[in-house]
Amino acid sequence: MVMIDALAPAEIIRILGSRFRELRMRRNMTQKDVSEFTAISIPTIYKFETGKLTDMSLANLLKLMRSIGIQQNWDLLIPDLPESPYLYTNNKKRQRIRKPSKK
């Protein structure tokens, strides 16, 4: 397990690319297969897997996750939290009050 707290975003993308490559190969998929599934170019997939891509859009990352069948891990990125008990007063949900707008 890699501690990502001290890593730069480019280093995190490099690690993810390496992991992606391993998973893709274990699923017997080629870069061409992934490219056809995601509409992401083969050179971009190659750069991602080899650590030469320093910036990747979230949309492309999600497409790549879907292509190798790990989209169920999306919830781990930002987990859904239970409602906070602080939102309730006397069993009623508190509502946010806005200041009246000045016209």
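Which residues is Arg-24 in contact with, leaving aside its neighbours within four places in sequence? In this predicted model, the list runs to Met-29, Thr-30, Gln-31, Val-34, Glu-49 and Ile-68. Arg-24 itself sits in helix α1. With a relative accessible area of just 7%, Arg-24 counts as buried, because the cut-off for that label is under 20%.

Arg-24 has company in this respect: Ile-13, Ile-15, Gly-17 and Phe-20 of α1 are buried as well. As for what they pack against, the buried residues of α1 meet α2 (31–38), α3 and α4 (58–67). A bit of helix geometry is handy here. An α-helix has 3.6 residues a turn, so residues three or four places apart point the same way.

Now for the pairing with α3. The axes of α1 (residues 9–26) and α3 (residues 42–50) come within 6 Å, crossing at roughly 110°. That angle falls between 65 and 115 degrees, so α1 is roughly perpendicular to α3. On the α1 side, the contact is made by Ile-13, Leu-16, Gly-17, Ser-18, Phe-20, Arg-21 and Arg-24, while α3 brings in Ile-45, Phe-48 and Glu-49. Sorted by character, the residues of this contact come out as five nonpolar, two polar and three charged.

The length of α1 checks out too. At 1.5 Å a residue, its 18 residues should span 26 Å, and the end C-alpha atoms are indeed 26 Å apart, so the two values agree. Just past the end of α1, Asn-28 takes a positive phi of about 55°.

Definitions and conventions. Residues are numbered from 1 along each chain as its sequence is written. This is a predicted model: local features need pLDDT of at least 70, side-chain atom pairs count only at pLDDT 80 or more; totals for chains, interfaces and linings use all residues. Side-chain values use heavy atoms; hydrogens and water are left out. Axes are lines fitted to C-alpha atoms, for helices over the stretch in contact, and angles run from 0 to 180 degrees between N-to-C directions. Helices (H or I, at least four residues) and strands (E, at least two) are DSSP runs, numbered from the N terminus. Angles under 35 degrees count as roughly parallel, over 145 as roughly antiparallel, 65 to 115 as roughly perpendicular and the rest as oblique. Contact means heavy atoms within 4.5 Å. Ala, Val, Leu, Ile, Met, Phe, Trp, Tyr, Cys and Pro count as nonpolar, Asp, Glu, Lys and Arg as charged, and the others, Gly among them, as polar. The expected span of a helix is 1.5 Å times one less than its number of residues. Buried means under 20% relative accessible area, exposed over 50%, partly exposed in between (1.4 Å probe, protein chains only).
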